Amino acid sequence: MESGLKFDRTKEEVNGIPEEMEFLPASNQRKLEKRSRKERALLGGLIVGIALLSLLVGLLVWHFQFRPDNRIKKMYSGYLTITNKKFTEDLEDSDSAAFKQLAATVEEMLQSTYMGMAAVAPYYVRSTVTAFSEGSIIAYYWLECRVPPEKSEELDKVIRVTSSKVSGRSNPSIVKSLRITDFVVASADLRKVKPPKNKNCIFDLHAEAGVVSTFASPGFPDSPYPANSWCQWIIRADPHHILELQFVTFDLENICRNDFVAVYDSLSPIEKREITERCGMYPPTNAFKLISSHNVMLVTLMTDDDENYPGFKAEFRQLPKEKECSEVLEESGTITSPYYPAYYPPRADCTWTLRVAPPRRVKVVFHVFLLQHPDSNNVCRDYVEINSKKICGDKPMMVELGNGNEMTVKFRSDEAESFRGFNATFESYDASKPCPGEFACRNGRCIQMDLKCDGWNDCGDNSEEINCECSSDQFQCKSGFCKSNFWVCDGVNDCGDNSDEEICECEANEMKCNNKKCVPEELKCNQLDECGDGSDEKDCGEASNLVPCNEYRYKCNNGTCIQKLNPECDGMKDCADGSDERNCDCGSRPYKHSRIVGGMDAEVGEWPWQVSLHFKQFGHTCGASVISNSWLVSAAHCFQDDRNGNRFSEPGNWVAYLGLHVQQNLNKRVEKRNIKHIIVHKHYNSQMFDNDIALLELTDTVLFTSVIQPICLPDATHNFPVGKSTWITGWGRLKEDGDVATVLQKAEVRIIRRKHCNELLSSTITSNMLCAGYLSGGIDACQGDSGGPMSSVETNGKVFLAGIVSWGDGCARKNKPGVYTKVSKYRQWITQHSGM
Ligand code: 4AZ
């Protein structure tokens, strides 16, 4: 027999009564009814109870399991000093018992400190000690919190103030038997303080006295560094030493957001102790050397999921900590930032007292000055203090004159971001005759007398160009300067007040700006203000780029012409078919170069299209430029047979060296190639040097590398305006009758109006030539540079071959600029003969 509840759905359906349950018949009807009511209530209660309980459980499960946790992870990185314990060597080894024991005590202490703070406790997750170093004991750690986004800033603030509250040498706190001072903690970039995922990429290194040690990114140099890694190198030196770290090879992805190396003056990856953060490629000539302020340094490497870069190799060694960089120096000498040319260490504090015999005074000349730039409030964080001025940032050569026979120079650097520093000399000067036999510039510089009133700003402050009586071949600017007549109407405001450009009759194909300047007609409506007053960009109507074709306008592959000048490879698609941005794998320099300019030695990879052509009998004879993996462009005059029977026209007599930096130094980066064909322009005129261009085909192709790259060829319409700065490079003679160079040389020259050049030089300058240089002389190409590139850096940083070194009246003579083959004239010829 069955007893209890029975559910009969059919009944409900049959009777239509909302009766859900039916009890089995019983003998005592009343008693049964009473019992049944009681039971029903009980049952109802039970059901409601179960429902409520399930709801509660569900809510709890949802809350803890499925509710989206909107709290964000925050990482803080810090260190603290424990003064009542002594550092022992085994604390350097994170696997040692001593390390584990002390780390646990510190972690416990950190937990109790943070859990004791009402504003931190709800968000505290954990603290982890990562390293110890000497100095009593410094413990480095990271702190993890999880916080709702709206509370994030508040938490940062609270954590920040704990630094100052908990610490203080005068007021150490004693927690868990640890006596703590210097409690420093700061919020950190999540990418930089990720707790290490695996221990395989954490390295503990210790400098050995008198030994240079090395380490490298994983896999270097055989395989690229792994994707998505986070590696760290904990580097230590003996007490009372500092560390010097140099990246001898550095080749990472060029976007620092993806991959980067960060170096810290601490064992915590704490932002305000970051010495530098780097990505990209650095050539050996710009290898950077970093210095710590005490005996530890931390190097971290972060990578994303791309894995095609070789990585780095670094060398480190320990140096005794120089107690004093302050000195008293007499009469003359050199002062530099500590460890120059290595980057200056953080927290440097030097004072030099410079003294000379009275009545002479002190003069300081800064030859290199590269300090951290001022912050957003224009405050110098690292600075040189001299003559009551704080100076920071990058400065060109700078002279400071003292008012007496003694001068104080101070140098201070803060905790983070180091730079190259400075290099200065000091000497005495006679206040009444500061530059014996020379001109005294207002800014303290001395220059040769004949540079006064030559139209060039040789002093740097123009002080030698004012109050000049202009000679017959000079133009008197409204501002009082005298400028060579050759600079009048060249499109460059040489006077500073534009008066040399206001009086011009514009030439055909030029428009006159409202400010009287002449600019090429094609520059009108190109969305760049070449006039300087916007008048070339006015009245452009609906800015339609499509215009009728003519010889000055760029023709897209689809046959349409566009108004914009030099649209090729400028990073903007100007042609509807995008053809102006095709074939743009050229004109780039993979290596990052230093900001020290003025030097004449090029850096490795700075001009990766530069080729050295060796005539087998004589060695280096001419230059050339890489334009593809099998073609070079050079000068026709290099390949003319001479009367002595030298067969320069014979390809077999030549060898090309690509990727070369120092002659004779044929390292593994250098590629040597034989020449298959020499194609000399058939209208090359050896009297006039007209059409001085040749193409050379290599017997074997080359692979492009960090030191071998093709230069961009300018379109036939490409304009290199008068006044534009370009670079010439080569291993030619250093002087007209001098020796050839061993290290590749570079020089900056400005393009000069053809009309002026024709008046200056002995031979005609045809429309196939460009003229460039300095009328004052001194900077020029010379014998042996021929055939080499005149490189022009264009708007988006791409480098174009503006010219080929061709000829000149001697080298670097006054009023004798150099002459170059105008490559844009040969764009079609190059395609015809090389397919390029
Ligand atoms: C040469 O002899 C040469 N000053 C090249 C360029 C210049 C002079 C001479 C320009 O190849």
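**Exercise 1. Find the polar grip on the ligand, then list what surrounds it.**

Start with Asp 780: one of its polar side-chain atoms sits 2.6 Å from a nitrogen atom of the ligand. That pair fits the polar contact cut-off, N or O atoms within 3.5 Å. Before going on, note that this is a predicted model, where local features need pLDDT of at least 70, side-chain atom pairs count only at pLDDT 80 or more, and totals for chains, interfaces and linings use all residues. Numbering runs from 1 along each chain as its sequence is written, and side-chain values use heavy atoms, with hydrogens and water left out.

Next, Ser 786 puts a polar side-chain atom 2.4 Å from an oxygen atom of the ligand. Gly 810 uses a backbone N or O atom, 3.0 Å from a ligand nitrogen atom. On its own the ligand exposes 300 Å², and the protein buries 84% of that (Shrake-Rupley method, 1.4 Å probe).

Finally, look around: the surrounding residues include His 637, Cys 782, Gln 783, Trp 807 and Cys 811 (a heavy atom within 4 Å).

**Exercise 2. Locate the largest nonpolar core and follow one of its residues.**

Step one: this core, made of buried nonpolar residues (under 20% relative accessible area) joined through side-chain atoms within 4.5 Å, has 49 residues. Leu 613, Leu 632 and Ile 830 have the most contacts inside it.

Step two: among the elements that each supply at least two of its residues are strand E37 (610-615) and helix H7 (827-834). E40 gives the largest share, 5 residues.

Step three: beyond four places in sequence, Ile 830 is in contact (heavy atoms within 4.5 Å) with residues including Ile 627, Leu 695 and Met 836.

Note on methods: A polar contact is a pair of N or O atoms within 3.5 Å; within protein, one must be able to donate a hydrogen and the other to accept it, and residues adjacent in sequence count only if both atoms are side-chain atoms. Buried means under 20% relative accessible area, exposed over 50%, partly exposed in between (1.4 Å probe, protein chains only). Helices (H or I, at least four residues) and strands (E, at least two) are DSSP runs, numbered from the N terminus.
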